[in-house]
Amino acid sequence: MDFEIKQFLPADAAQWSVDAVLVLVPDTASWEGGGELGALIKAVTERGDLEQGAGKFLFCYRPDGFKVSRLVLARVGDGSALQVRKAVAAGLAQLKAPGLKKLGILLSLLDKDSEAVRAAMMAVADATYSYVTTKPTAQSRVLRQVTLGVKAVAASREAFLIGRAQVVGVELAKEWANRPANHATPSHLADVARKLGHKSRIKTEVLGPKAVTALGMGAFLAVARGSAEPLRFIVMRYQGGAKGSAPVVLVGKGITFDTGGISIKPAAEMDEMKFDMGGAASVLGTFAALAELQPQINVVGIIPSCENMPDGLAVKPGDVVTSMSGQTIEVLNTDAEGRLILCDALTYAARFKPRCVIDIATLTGACVVALGAVRTGMFSSHNDLADALQAAGEEAQDLCWRLPLDDEYADGLKSGFADMGNVAGRAGGAITAAKFLQKFVSDTPWGHLDIAGTAWKSGAAKGATGRPVSLLLQYLINESKIAQPGRVTKSLRNVVVRAE
Ligand code: BES
Ligand code: MN
Ligand code: ZN
């Protein structure tokens with residue numbers, strides 16, 4: 001999708017010559033001096049054809065005095081980002097006309113139109129994405145170009161550039177998470193990471209079984225044992241900040257297929273375990289977005305990736321393995337494999353002397369039970385980090401919710417045969433999983449995002465969501481602003497946004 005921003009005041013709307021125009025109308029919109037558009041809004045409001053309140057629409061065909069033949073008026077209530085997103089999604093659904101190649105979205109009736117830019121872009125991207133890797137015929141993207149009409153281009157430029165990077169990142173994460181396991185092996189993930197490594201300021205390093213064995217990652221190796229596909233340990237570095245400045249480390253769970261191993265899962269819906277690399281996909285997507293936006297911050301992305309398969313060589317319930325940290329683990333359930341690959345990656349992360357470590361994982365079914373598909377489960381040992389992640393989620397409309405980490409939750413992990421077991425009881429399963437991970441982080445601020453409920457949708461519209469790329473990108477942008485007040489990226493100033 002080709003996005004651009006242009007100055008388009010409400011009074012100029014009638015001159016817009018695109019295939020369709022979607023006008024976002026806040027309840028407070030005034031029509032005084034608003035030209036043809038003002039007259040139209042006044043008329044439809046007075047006659048009750050466009051009531052106030054979010055979610056109300058009116059489709060106008062060849063409206064008087066307008067160049068465009070298809071015009072949709074969409075109420076956005078108070079004009080919040082959430083309402084903008086909903087209105088654009090619903091408006092696009094109304095504009096399914098054939099031959100709709102160029103769409104204009106008029107934001108300039110909104111008080112804070114720059115805040116609406118990103119929400120509108122995300123809604124367009126969500127509505128027009130289609131998975132193509134193994135179904136290229138699904139690509140029915142007729143819509144080619146979307147122009148966002150704003151009051152002043154300069155005021156919206158930053159939001160536009162962030163939005164564009166966010167769309168790139170989310171789409172990459174979706175496409176890779178959607179790929180079936182035979183088209184998204186650990187080696188395939190390493191290839192994407194290597195490709196991203198050719199972009200500006202990114203470097204990628206990939207370790208295989210030999211190097212991982214030498215590092216002593218016994219927990220990761222135990223999970224990978226049952227699979228014929230070789231494991232990959234991917235390390236990406238984005239150097240946008242000063243040389244010595246401590247990086248944020250992102251660790252993504254990259255189980256490309258989770259059968260459960262010897263503790264095998266039931267057959268129903270097992271296909272969805274191809275999405276068990278959603279954490280890894282979100283790290284790859286975030287790096288694609290960083291490459292696009294070039295913010296001034298250092299970020300390391302770590303992806304431990306393998307399949308979890310049952311086999312003659314597979315790890316067995318009761319086996320005890322030694323993690324890279326030296327702590328021993330009794331593998332009571334081979335289906336609790338995510339924490340086993342993540343714990344070694346968390347130990348490895350310490351070598352970057354990070355300012356914080358955030359892991360992202362489709363970790364527990366229990367988190368789906370707790371929070372459903374609306375909010376990602378968020379855990380943190382540090383209140384500041386927890387607050388920052390929560391705020392980034394609200395800002396980017398990619399929500400999370402903090403869950404507790406009281407030490408008593410770790411009681412069930414005690415083992416008579418090792419330093420810990422890899423599972424506790426059924427109760428509080430998302431939290432006990434987080435407590436397991438916490439045993440592998442030192443004093444470094446650590447955050448854990450359990451995206452089991454949010455990384456993909458089940459049912460008829462089955463597919464990856466690209467979450468939480470938006471949250472992560474927002475968090476990193478906010479961090480870069482703290483590090484370099486007032487300067488998100490070097491490039492923002494110089495970017496040419498199309499004709500104003
Ligand atoms: N990948 C799953 C978690 C999962 C399950 C995500 C369902 C989304 C939907 C994870 O590896 C797993 O199997 N977790 C187990 C842990 C249990 C054995 C303690 C679970 O949640 O059942
Ligand atoms: Mn599992
Ligand atoms: Zn899993």
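1. A good place to start is Glu337, where a polar side-chain atom lies 2.8 Å from an oxygen atom of ligand 1. For Asp276, a polar side-chain atom is 2.9 Å from a nitrogen atom of that ligand; both are polar contacts (pairs of N or O atoms within 3.5 Å). The protein covers 77% of the 510 Å² of accessible area that ligand 1 has on its own (Shrake-Rupley method, 1.4 Å probe).

2. A word on the basis: this is a predicted model, in which local features need pLDDT of at least 70 and side-chain atom pairs count only at pLDDT 80 or more, while totals for chains, interfaces and linings use all residues. Residues are numbered from 1 along each chain, ligands from 1 in the order in which they are written, and side-chain values use heavy atoms, without hydrogens and water.

3. Now to the zinc ion (ligand 3). Its protein donors are Lys253 (NZ), Asp258 (OD), Asp276 (OD) and Glu337 (OE), at 2.0 to 2.4 Å; donors are N, O and S atoms within 2.8 Å of the metal (3.2 Å for Na, K and Ca). The site is octahedral, with angles of 78 to 174° among six donor atoms (six donors, opposite ones over 155 degrees apart and all others between 65 and 115).

4. Asp258 also bridges the zinc ion (ligand 3) and the manganese ion (ligand 2), 3.2 Å apart. Asp258 lies in strand S10 (residues 254-258) and Glu337 in the loop between strand S13 (328-330) and helix H9 (338-349), so the pair ties together parts 79 residues apart in sequence. Helices (H or I, at least four residues) and strands (E, at least two) are DSSP runs, numbered from the N terminus.

Key. Four donors count as tetrahedral if all angles lie between 85 and 135 degrees; four count as square planar and six as octahedral if opposite donors are over 155 degrees apart and all others between 65 and 115; anything else is irregular. A polar contact is a pair of N or O atoms within 3.5 Å; within protein, one must be able to donate a hydrogen and the other to accept it, and residues adjacent in sequence count only if both atoms are side-chain atoms.
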